[in-house]
Amino acid sequence: MPRCCGACFNFCKEFQAFALRGNMFDLAIGLVVGTAFTNVVQSLVNDIITPPLGLLIGGVDFVNLTVSIPNFVYTSQPPVVIRYGKFLQTIIYLIIVAFVLFFIIKLVNKLHKIALKKKVAVEVVAAKVYSDEVKALHEIRDLLARKTIQIQDL
């Protein structure tokens with residue numbers, strides 16, 4: 001039994017380290033924001049975009065746009081209904097989400113490029129700043145180079 005408790009303790013310890021590392025919190029926040037974003041976009045499509053579009057089409061509600069196909073096989077059953085209006089709303093929703101994701105990825109790539117440029121600039125500045133030992137070695141090298149030139153001239 002002590003071996004089981006030790007294994008459970010190690011598992012809990014590892015899970016705590018994983019959860020507190022930040023990945024779990026980032027995932028949870030992304031999930032909550034994504035859910036809220038989904039609701040906002042669905043409301044935008046269902047309540048703001050499609051009603052004026054339906055008005056332009058002729059005063060129809062997109063949800064009620066359907067095609068009814070008579071049931072030839074089972075005549076006692078109701079006709080088959082294809083709800084293409086709801087499908088059109090879902091396509092509009094998909095397009096909006098795709099555009100938003102595209103712009104988010106574009107922004108992340110731009111921020112990555114800016115960070116990379118700053119990193120390169122810092123590396124260039126760091127390369128130009130020499131320590132005292134390196135400066136002394138450069139002076140010794142220059143003196144030796146001058147000395148060899150003077151010896152060659154003789």
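Which residues do ring pairs link into a cluster? The answer is F99, F102 and F103, shown in one of the close-up views of this predicted model.

**Figure 1. Overview of the predicted model, with its helices and strands**. The protein has four helices and two strands. Read from the N terminus, the order of the elements is α-α-β-β-α-α. Of the 154 residues in the protein, 9% are buried. Among contacts with a separation of 6 or more, 41% join residues that are 24 or more positions apart.

**Figure 2. Confidence along the chain**. The protein has a mean pLDDT of 82, and 90% of its residues reach 70 or more. Among the elements, the lowest mean pLDDT, 72, belongs to helix α1 (residues 2-20). The highest, 90, belongs to strand β1 (residues 67-69). Where pLDDT is low, predicted coordinates should not be read in detail.

**Figure 3. The largest nonpolar core**. Five residues form this core: V41, V45, I92, I96 and V97. Helices α2 (23-57) and α3 (84-128) each supply at least two of the core residues. The largest share, three residues, comes from α3. Around I96, the contacts beyond four places in sequence are with V41, L44, V45 and I49.

**Figure 4. The side-chain contact between T50 and Q89**. T50 is found in helix α2, and Q89 lies in helix α3. Their side chains make a polar contact of 3.1 Å. Both partners fall under the 20% limit for buried residues: T50 has a relative accessible area of 2% and is therefore buried, and Q89, at 6%, also counts as buried. Leaving aside neighbours within four places in sequence, T50 is in contact with V45, F62, Q89 and I92. With sequence neighbours left out in the same way, Q89 is in contact with V45, N46, T50, F62 and V63. V45 and F62 thus appear among the contacts of T50 and among those of Q89. V45 and I92, both in contact with T50, are also members of the largest nonpolar core.

**Figure 5. Phenylalanine rings in helix α3**. The structure holds two aromatic pairs. One of them, F99 with F103, is stacked, with 6.5 Å from centre to centre and 20° between the planes. F99 and F103 are four residues apart in helix α3, about one turn of the helix. Ring pairs link F99 and F103 with F102 into a cluster. F99 has a relative accessible area of 51%; the limit for exposed is over 50%, so F99 counts as exposed.

**Figure 6. T35 and the backbone of L31**. T35 lies in helix α2. A polar atom of the T35 side chain lies 2.8 Å from the backbone oxygen of L31. The relative accessible area of T35 is 43%, and T35 is partly exposed because this value lies between the 20% and 50% limits.

**Figure 7. Segments carrying the UniProt feature "transmembrane region"**. The unreviewed UniProt entry places this feature at residues 24-41, 53-75 and 87-108. In the model, residues 24-41 are 100% helix and 0% strand, and the end C-alpha atoms of this segment are 26 Å apart. Residues 53-75 are 22% helix and 13% strand, with end C-alpha atoms 36 Å apart.

Methods: Residues numbered from 1 in each chain as written. Predicted model: local features only at pLDDT ≥ 70, side-chain atom pairs only at ≥ 80, totals over all residues. Heavy atoms only, no water. Core = buried A, V, L, I, M, F, W, Y, C linked by side-chain atoms within 4.5 Å. Buried < 20%, exposed > 50% of the residue type's maximum accessible area, 1.4 Å probe, protein only. Contact = heavy atoms within 4.5 Å. UniProt positions renumbered as here; feature names shortened; annotations may be inferred. Phe/Tyr/Trp six-rings, centres within 6.5 Å; stacked < 30°, edge-to-face > 60°. pLDDT = per-residue confidence, 0-100. Polar contact = N/O pair within 3.5 Å; in protein donor to acceptor, adjacent residues only side chain to side chain.
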